[in-house]
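The following exercises concern a protein model and are each followed by a worked solution. Please consult the sequence and the coordinates while working through them.

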Amino acid sequence: MNISKTIVGHRATVQICFWVLAMLLIIGLWQAVIVIGQVPHFVMPTPAATIDLLFSNAPMIGKLMWQTFKETLAGYAIGAALGLALAVGMAKLPLTGRLLYPALVTSQAIPIVGIAAPLVILFGFGMTPKLIIVAWIVFFPVVVNVMDGLAQVDPDQINLARLLGGTRLRTFLIVELPACLGPLFSGLKIGASYAVTGAVIGEWTASSRMGLGTYLLSANAQMNTAGVYAAMMLMTLIGVGSFVSLLVIEYLATPWRHRATSHRHQAR
Amino acid sequence: MSHAFGANRVLSDINLDIAAGEFVCILGASGCGKSTLFNAMSGLLKIDSGSIRLDDEDLIGKPGRVGYMLQKDLLLPWRTALDNIVLGASLTRGATARDRDKAVELAVHYGLGGYLDHYPHALSGGMRQRIALLRTIAAGSDVMLLDEPFGALDSLTRFTMQRLLLRVSSELKRTIMFVTHDIDEALFLADRVIIMLPNPGRIERILDVNLGRPREVECMASPRFMELKASALKLLYAESQEEVSLRS
């Protein structure tokens with residue numbers, strides 16, 4: 001047991017090292033562009049200057065980030081739940097599913113900026129249009145992936161459940177749904193990296209409250225490049241943070257992929 | 001009973017009567033209707049004509065009345081060995097502590113006690129098939145249909161599993177129907193071997209395997225065993241020779 005635990009711990013450490021290294025590489029590339037291209041500060045601030053601005057305005061920027069984070073998270077949760085529910089509904093009611101599918105694809109073909117304006121007209125300047133935009137972006141990869149997952153469940157497995165006298169609900173919960181966890185997390189991860197974009201576009205179209213998106217616009221108008229880059233950095237942080245959180249949740253939710261035994265009931 | 005898929009008569013006048021606690025092997029080449037027969041008996045397939053009865057109960061179109069096991073173990077990767085064994089209870093009404101206790105008892109008795117908290121991916125093919133067998137037993141049906149359950153195992157593991165199955169059969173008194181295309185396996189396990197032939201799928205002969213029980217590996221070298229094997233070979237082989245002569 002000790003050995004396998006150490007191996008798992010070791011793999012996690014390696015994984016974290018790669019992530020940190022990748023982030024440092026991106027910042028290093030940024031610095032290199034400025035040094036090699038001799039880019040002046042008003043065009044592109046250095047990473048150091050950007051980070052310095054973040055720390056000197058920490059309370060204000062913290063509030064902005066919290067606002068954008070809230071919009072992203074709430075919209076994401078709604079979108080993910082809706083996506084999962086839709087996928088299950090569409091898989092279980094094939095006729096409805098076939099009717100809805102083209103509509104879903106169409107929904108994603110509409111440019112998201114195009115949706116933002118009518119949403120403001122409909123719902124005003126509050127939280128609602130932002131949540132809808134984020135959910136709009138997030139639900140699609142979840143629906144598509146979970147539907148594929150449900151379609152790919154081994155028919156023999158379903159037959160076995162029938163032969164064991166399984167009820168439809170229990171068969172779904174015990175056999176079909178867990179089989180979709182992989183595709184579900186793929187969809188959720190794709191959605192996680194896009195969700196911030198939705199929140200920022202929502203803020204750009206109309207916002208009564210300041211978030212990172214609105215801050216970016218005003219910093220841009222004031223030629224405050226460090227502010228623009230700071231906002232960008234934090235948006236990225238939300239996106240990457242969501243993605244990494246999902247990796248961790250997926251790891252914890254699927255112990256059978258990386259453990260030989262379960263904690264829950266030891267052999268008696 | 002009879003059944004056809006289009007013009008293909010997969011089951012032609014199949015008539016079988018199996019006693020409680022009997023171990024019957026169905027031996028035949030692919031296409032002889034073994035799997036169709038099992039699908040019909042398990043309630044997954046509705047046959048064209050005839051009846052299938054367990055005591056006085058009609059089985060046609062009623063899944064869940066008999067146990068079923070395939071070559072694929074079909075274990076759920078996200079459930080531990082124990083959770084896979086109690087799957088039948090989980091799927092019908094939710095597994096209780098009593099179901100689990102009984103499953104643990106069964107597993108300990110049949111040599112799986114130390115692996116109950118393992119996920120299937122961490123176990124060997126033989127272990128996984130053992131879990132699948134216990135799952136079928138734990139589901140509680142008196143009749144178990146086993147469709148080439150050991151077909152994918154290496155010969156040593158396969159032999160271990162055959163002996164395990166013989167133990168299960170004698171200790172639990174379940175009625176077992178076992179499909180295989182391995183003559184030795186059929187004769188080693190069964191009270192009766194039903195030889196089926198294809199085109200149309202039919203019962204050619206039923207051999208009584210009067211080898212006595214309990215059976216040990218030595219019986220496979222006995223004259224009686226050889227005699228039975230010779231007649232089984234002749235019955236199965238005659239058909240394919242005919243085919244060859246028809247083609248040439």
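**Exercise 1.** How much area do chain A and chain B bury between them?

*Solution.* The model is predicted, with local features requiring pLDDT of at least 70 and side-chain atom pairs pLDDT 80 or more, whereas totals for chains, interfaces and linings use all residues. Residues are numbered from 1 along each chain as its sequence is written, chains are lettered from A and ligands numbered from 1 in the order in which they are written, and side-chain values use heavy atoms, without hydrogens and water.

Step 1. The size of an interface is often given as the accessible area lost when the parts come together. Buried area is the accessible area (1.4 Å probe) that two parts lose on being put together, summed over both.

Step 2. For chain A and chain B this is about 2900 Å², of which 63% lies on carbon and sulfur atoms.

Step 3. The contact (heavy atoms within 4.5 Å) involves 29 residues of chain A and 36 residues of chain B.

**Exercise 2.** Identify the polar links across this interface and the elements of chain A that take part.

*Solution.* Step 1. Two salt bridges are counted between chain A and chain B, each a side-chain nitrogen of Lys or Arg within 4 Å of a carboxyl oxygen of Asp or Glu. In one salt bridge, the side chain of B:K72 meets that of A:D156 at 2.9 Å, N to O.

Step 2. Helices (H or I, at least four residues) and strands (E, at least two) are DSSP runs, numbered from the N terminus. On the side of chain A that touches chain B, the elements giving two or more residues are α7 (155-163) and α8 (168-179) of chain A. The largest contribution there, seven residues, comes from α7(A).

Step 3. As for the whole of chain A, 11 helices and zero strands are assigned.

**Exercise 3.** Which residues lie closest to the centre of the largest pocket?

*Solution.* Step 1. On a 1 Å grid over the protein atoms alone, a pocket is an open set of points where a 1.4 Å probe fits, with protein on both sides within 12 Å along at least five of seven lines; lining residues have an atom within 4 Å of a point. The largest pocket has a volume (the space filled by probe spheres set on the points, which are joined across faces, edges and corners) of about 670 Å³.

Step 2. Of its 25 lining residues, B:I18, B:M41, B:R53, B:L54 and B:D55 are the closest to the centre.

Step 3. Strands β4 (53-54) and β8 (175-180) of chain B each give two or more residues to this lining.
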